[in-house]
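Fancy a few exercises to get to know a new structure? Have a go at each task before you read its solution.

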Amino acid sequence: LSLVGSEMCIRDRLLTIGSWHKMDNCEFYLLYSGGYDSTVLLYDFIDKLPNKLTVIHIVTQYNQEETKAAREIIELVKDKILNYIELEMPVYKTEIEYIPYRNAQFILRALSTLTIKAGCAIILLGLIRVEEPFPDCTQYWLKTMEKLVQVENPHIGLEAPYINNTKDEIYTVGCKFKVPLRNTFSCNFPVDGAECGECGNCKWKAKHKYPNYFRVIEGGKNNV
């Protein structure tokens, strides 16, 4: 497996963009949802950048379950990160899996709060390659968003190390780092605090780890 944007990508960015020439002269922030993809990213870069990551979780109204999962994971790795920050934001769920402008809002919300003291900062995002036409899971979106951010601060970079990788490919990385899949929460339509079992993320999770644990969908109803 060849992952795009791993440690070498970060070093390349530091070497080629302005003052980003030293790892020690850069701050690293990871936008963390509590879902599987960003949890793999968290474990991956804790390994690459031990005690250098500031993890930022955006608390929303529509998915408190993600926040609960995020807190549980952070408790497991708190001695390996630099800091953990929670920021609230009024983002509401839609009836479809894609929430327009959500990731853009998350990035801008985080940047509006941060005080960057080093020569540069890199924001790590858990975006992946998906079959659905999600605009914010493309290189075009990432680079366009970065240009917007750099209008105000040219020393901030956006990196999505897995944006060219599928969820199955990322799963192999998660297995390498023993990421606790059961503790993550990626459901798009939680029901009474539980995973729905119907959305794409639930079906993927059931297939990869706990096929007998999740509800089986029959006739439009959830059956244990």
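Below are five exercises on this predicted model, each with a worked solution.

**Exercise 1. Getting your bearings**

Find out how many helices and strands the protein chain has, and in what pattern they follow each other.

*Solution.* Start by counting: the protein chain has seven helices and seven strands. Next, walk along the sequence, and you get the pattern α-β-α-β-α-β-α-β-α-β-α-α-β-β. Then check how much is tucked away: 49% of the 224 residues count as buried. Last, look at the contacts between residues at least 6 apart in sequence: 73% of them join residues at least 24 apart.

**Exercise 2. A covered strand**

Work out how many residues of β1 are buried, and which strands β1 pairs with.

*Solution.* Step one is the count: seven of the seven residues of β1 are buried. Step two is to sort them by side. In a regular strand, side chains alternate between the two faces of the sheet. Here, Cys26, Phe28, Leu30 and Tyr32 sit on one side, while Glu27, Tyr29 and Leu31 sit on the other, so both faces of β1 are covered, with each of these residues under the 20% cut-off for buried. Step three is the neighbours. β1 pairs with β4 in the parallel sense over five bridges, and Phe28 stands opposite Ile122 there. Five bridges also join β1 to β2, again running parallel, with Thr54 of β2 as the bridge partner of Tyr29.

**Exercise 3. One side of a helix**

Take helix α4 and find which residues are buried, and where around the axis they lie.

*Solution.* First get the helix itself: α4 covers residues 102-113, twelve residues in total, and reaches 17 Å from its first C-alpha to its last, close to the 16 Å expected. Now pick out the buried ones: Asn103, Ala104, Phe106, Ile107, Ala110 and Leu111. They cover an arc of only 160 degrees around the axis, which means they lie on the same side of α4. What covers them? Among the elements doing so are β1, β2, β3, β4, α5 and β5. For contrast, try Leu108, which lies in α4 too: with a relative accessible area of 40%, Leu108 is partly exposed. Leu108 is 9.9 Å from Leu148, C-alpha to C-alpha, although they are 40 residues apart in sequence.

**Exercise 4. Two rings**

Locate the aromatic pair and decide whether it counts as stacked, tilted or edge-to-face.

*Solution.* There is one aromatic pair in the structure. Its members are Tyr36 and Tyr171, 6.3 Å centre to centre, with 45 degrees between the planes. Stacked needs under 30 degrees and edge-to-face needs over 60, so the pair is tilted. Now place the partners: Tyr36 is in helix α2 and Tyr171 in helix α6, 135 residues apart, so the pair links distant parts of the chain. Both fall under the 20% cut-off for buried: Tyr36 has 2% relative accessibility, and Tyr171 has a relative accessible area of 18%.

**Exercise 5. A leucine in α2**

Decide whether Leu42 is buried or exposed, and list what it touches.

*Solution.* Leu42 lies in helix α2. At 0% relative accessibility, Leu42 counts as buried. Leave aside its neighbours within four places in sequence, and Leu42 is in contact with Leu30, Tyr32, Leu53, Val55, Ile73, Ile74, Val77 and Ile81. Take Val77 from that list: Leu42 and Val77 are 35 residues apart in sequence, yet 9.2 Å apart in space, C-alpha to C-alpha.

Key. Residues numbered from 1 in each chain as written. Predicted model: local features only at pLDDT ≥ 70, side-chain atom pairs only at ≥ 80, totals over all residues. Heavy atoms only, no water. Helix = DSSP H or I, 4+ residues; strand = E, 2+ residues; numbered from the N terminus. Expected span 1.5 Å × (residues − 1). Buried < 20%, exposed > 50% of the residue type's maximum accessible area, 1.4 Å probe, protein only. Arc of directions from axis to C-beta. Contact = heavy atoms within 4.5 Å. Phe/Tyr/Trp six-rings, centres within 6.5 Å; stacked < 30°, edge-to-face > 60°. Pairing = 2+ DSSP bridges.
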